[in-house]
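Here is a short report on charged pairs and the nonpolar core. Please look over the sequence and the model before reading on.

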Amino acid sequence: PDATINELHADIRGCTASIEGDSMTITLYMAGDIADEFGIPDPLLGDIQYRLRLGLVGQSNEKLVRYRNGDTTGMRSLNVSLSENAISFEFSLKELGRKGPLSDAAITFSAETRDGAQSTGSAGLLDWMPDDGSVVEFHE
């Protein structure tokens, strides 16, 4: 679903993905500003979680990484950087479980934004990408 006009900062408009060495970066582009672009939650923009669900094709274990109000969870290697309307998640592919060439283990991911600390089911869900609920499969 698209976020309402009051939730543009949670409306995912696109993404990019790249690999450099053993690190992967996925950047989400939002319709509006990131809710805490300067590391300080903006009460006018709300309390938004930005999340990625990561996995490897053929494996059932999925990792959930999250950014909210300056805090990150999900992977020790996770590094998040913010700009006006973009949030970049960088992480180690080894921590994801990739052991060989990427062609042998394509990476899957999906993204979502949630309102506040809601974390299960559809509670607090604001937007997701891809829109059809599937996953993006990334091959190097």
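## Salt bridges and core

A salt bridge links the side chains of R53 and E62, with 3.5 Å from N to O. The model is a predicted one. R53 has a relative accessible area of 23%, so R53 is partly exposed. E62 is partly exposed too, at 49%.

How many salt bridges does the structure hold? The number is six. Another of them joins R114 to E112 through their side chains, at 2.7 Å from N to O. Here both partners are on the inside. R114 is buried, with a relative accessible area of 3%. E112 is buried as well, with 8%. Shared partners connect these charged residues further: R51, R53, E62, E112 and R114 form one network of salt bridges.

A further salt bridge pairs D22 with K94. Their closest N and O atoms are 3.4 Å apart. Why does this pair tie together parts that are 72 residues apart in sequence? D22 sits in the loop between β1 and β2, while K94 belongs to helix α1, so the bridge spans that separation. D22 has 40% relative accessibility and therefore counts as partly exposed. K94 reaches 59%, so K94 counts as exposed; the cut-off for exposed is over 50%.

The three pairs described above are set out here.

| Salt bridge | N to O distance |
|---|---|
| R53 and E62 | 3.5 Å |
| R114 and E112 | 2.7 Å |
| D22 and K94 | 3.4 Å |

Now the nonpolar side. In soluble globular proteins, nonpolar side chains tend to be buried together. The largest nonpolar core of this model has 30 residues. Within this core, M24, L28, L54 and F89 have the most contacts. Many elements contribute at least two residues each: β1 (12–20), β2 (23–30), β3 (48–56), β4 (63–68), β7 (86–92), α1 (93–96), β8 (107–115) and β9 (125–129). Which strand gives the largest share of the core? That is β3, with five residues.

L28 is worth a look in the model. Leaving aside residues up to four places away in sequence, L28 touches G14, C15, L52, N85, A86, I87, F89, A111 and M129. One of these partners, F89, is listed with L28 among the residues with the most contacts inside the core.

Helix α1 appears in both parts of this report. It holds K94, the partner of D22, and α1 also supplies at least two residues of the core.

Methods
Residues numbered from 1 in each chain as written. Predicted model: local features only at pLDDT ≥ 70, side-chain atom pairs only at ≥ 80, totals over all residues. Heavy atoms only, no water. Core = buried A, V, L, I, M, F, W, Y, C linked by side-chain atoms within 4.5 Å. Buried < 20%, exposed > 50% of the residue type's maximum accessible area, 1.4 Å probe, protein only. Helix = DSSP H or I, 4+ residues; strand = E, 2+ residues; numbered from the N terminus. Contact = heavy atoms within 4.5 Å. Salt bridge = Lys/Arg side-chain N within 4 Å of Asp/Glu carboxyl O.
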